[in-house]
Amino acid sequence: MTNGPLVTGEQCGFGTGCFVDPGSGGIRMGDHVICGPNVAMIATNYRYSSATTLFEEQGLSSKGITIGRNVWIGANSVILDGSAIGDNSIVVASSLVNRRFPPNSIIQGNPAKVIAQRN
């Protein structure tokens, strides 16, 4: 469901083929966020606590996604619900972001982890 707020700062850009689902928790982006082609931001998730109930019958959860100022998200990366990316960070192409990262991080992998800090 795409019923939540999508708030972008100034001068944000989305490459071709990006997918954005703010869910009810929303997506908040600071100024000067660059999203490469085919980036997916998904701020919703199925609930799955019962193994005997169909996923679609258990409802959805949505914590939201926060992306700081001056962030570059590389092509084909996926940002999942509950994630936060600090200011001045880089997400390397094809990374899966599923947690919170501090400012000035270079983030890479599946799942993503900090591989370096920007000075």
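## A patch on the surface

Let us start on the outside of this predicted model. Tyr46, Tyr48, Phe55 and Leu60 together make a nonpolar surface patch of about 470 Å². One of these four, Phe55, sits in the loop that links β7 (45-46) with β8 (60-61). Is Phe55 buried or exposed? Its relative accessibility is 51%, and because exposed means over 50%, Phe55 counts as exposed.

The loop between β7 and β8 also holds Glu57. This residue counts as exposed too, at 56% relative accessibility. If you look for Arg47, you will find it ten residues from Glu57 in sequence, with 8.8 Å between the two C-alpha atoms.

## The five-stranded sheet

Now turn to the strands. One open sheet has five of them, in the order β1-β4-β9-β12-β15, and their pairing is parallel. At its edges are β1 (6-7) and β15 (100-101), each of which pairs on one side only.

A good place to see the pairing is between β12 (residues 84-85) and β15, which run parallel and are joined by two bridges. Which residue of β15 is the bridge partner of Ile85? It is Phe101.

## The six-stranded sheet

A second open sheet is built from six strands, and its order is β2-β5-β10-β13-β16-β17. The pairing here is mixed. Its edge strands, β2 (13-14) and β17 (112-117), each pair on one side only.

Let us walk through part of this sheet. Strand β5 (residues 34-35) pairs with β10 (residues 72-73) in the parallel sense, over two bridges, and Ile34 has Trp72 of β10 as its bridge partner. Further along the order, β13 and β16 are also parallel, again over two bridges. There, Val91 is opposite Ile107 of β16.

## A hairpin and its cis bond

The pairing changes at the end of the sheet. Strand β16 (residues 105-109) and β17 are antiparallel and share five bridges. They form a hairpin, with two residues between the strands. Within this hairpin, Gly109 faces Ala112 of β17, and Ile106 has Ala116 of β17 as its bridge partner.

The loop between β16 and β17 is home to Pro111. What is the form of the peptide bond from Asn110 to Pro111? This bond is cis, with omega near 0 degrees. Most peptide bonds are trans, so a cis bond is worth pausing over.

## Inside the core

Nonpolar side chains tend to be buried together in soluble globular proteins. In this model, the largest nonpolar core has 18 residues. Which of them have the most contacts inside the core? They are Met41, Ile67, Ile73, Ile85 and Val97. The elements giving two or more residues to this core are β4 (27-29) and β9 (65-67).

Ile67 offers a closer view of the packing. Leaving out residues up to four places away in sequence, Ile67 touches Arg28, Met29, Gly30, Val33, Met41, Ile73 and Ile85. Among these, Met41, Ile73 and Ile85 are also on the list of residues with the most contacts inside the core.

## Two positive phi angles

Most residues other than glycine have a negative phi. Ser94 has a positive phi of about 65 degrees although it is not a glycine. You can find Ser94 in the loop between β13 (90-91) and β14 (96-97).

Asn104 is another non-glycine residue with a positive phi, about 65 degrees. This residue belongs to the loop between β15 and β16. With a relative accessible area of 27%, Asn104 is partly exposed.

## After the last hairpin strand

Our tour ends with Arg118, in the segment after β17. Arg118 is partly exposed, and its relative accessible area is 34%. Which residues does Arg118 contact, leaving aside its neighbours within four places in sequence? They are Asn70, Asn88, Ser89, Ile90, Asn104 and Ile106. Two of these residues have already appeared above: Asn104, with its positive phi, and Ile106, the bridge partner of Ala116.

Arg118 can also be placed relative to the core. Ile73, one of the core residues with the most contacts, is 45 residues from Arg118 along the chain, and their C-alpha atoms are separated by 15 Å.

Notes:
Residues numbered from 1 in each chain as written. Predicted model: local features only at pLDDT ≥ 70, side-chain atom pairs only at ≥ 80, totals over all residues. Heavy atoms only, no water. Pairing = 2+ DSSP bridges. Helix = DSSP H or I, 4+ residues; strand = E, 2+ residues; numbered from the N terminus. Core = buried A, V, L, I, M, F, W, Y, C linked by side-chain atoms within 4.5 Å. Buried < 20%, exposed > 50% of the residue type's maximum accessible area, 1.4 Å probe, protein only. Contact = heavy atoms within 4.5 Å. Patch = residues over 30% accessible without salt bridge, like charges linked within 9 Å, V, L, I, M, F, W, Y side chains within 5 Å. Areas by Shrake-Rupley, 256 points an atom, 1.4 Å probe, with all protein chains shown as cover. Salt bridge = Lys/Arg side-chain N within 4 Å of Asp/Glu carboxyl O.
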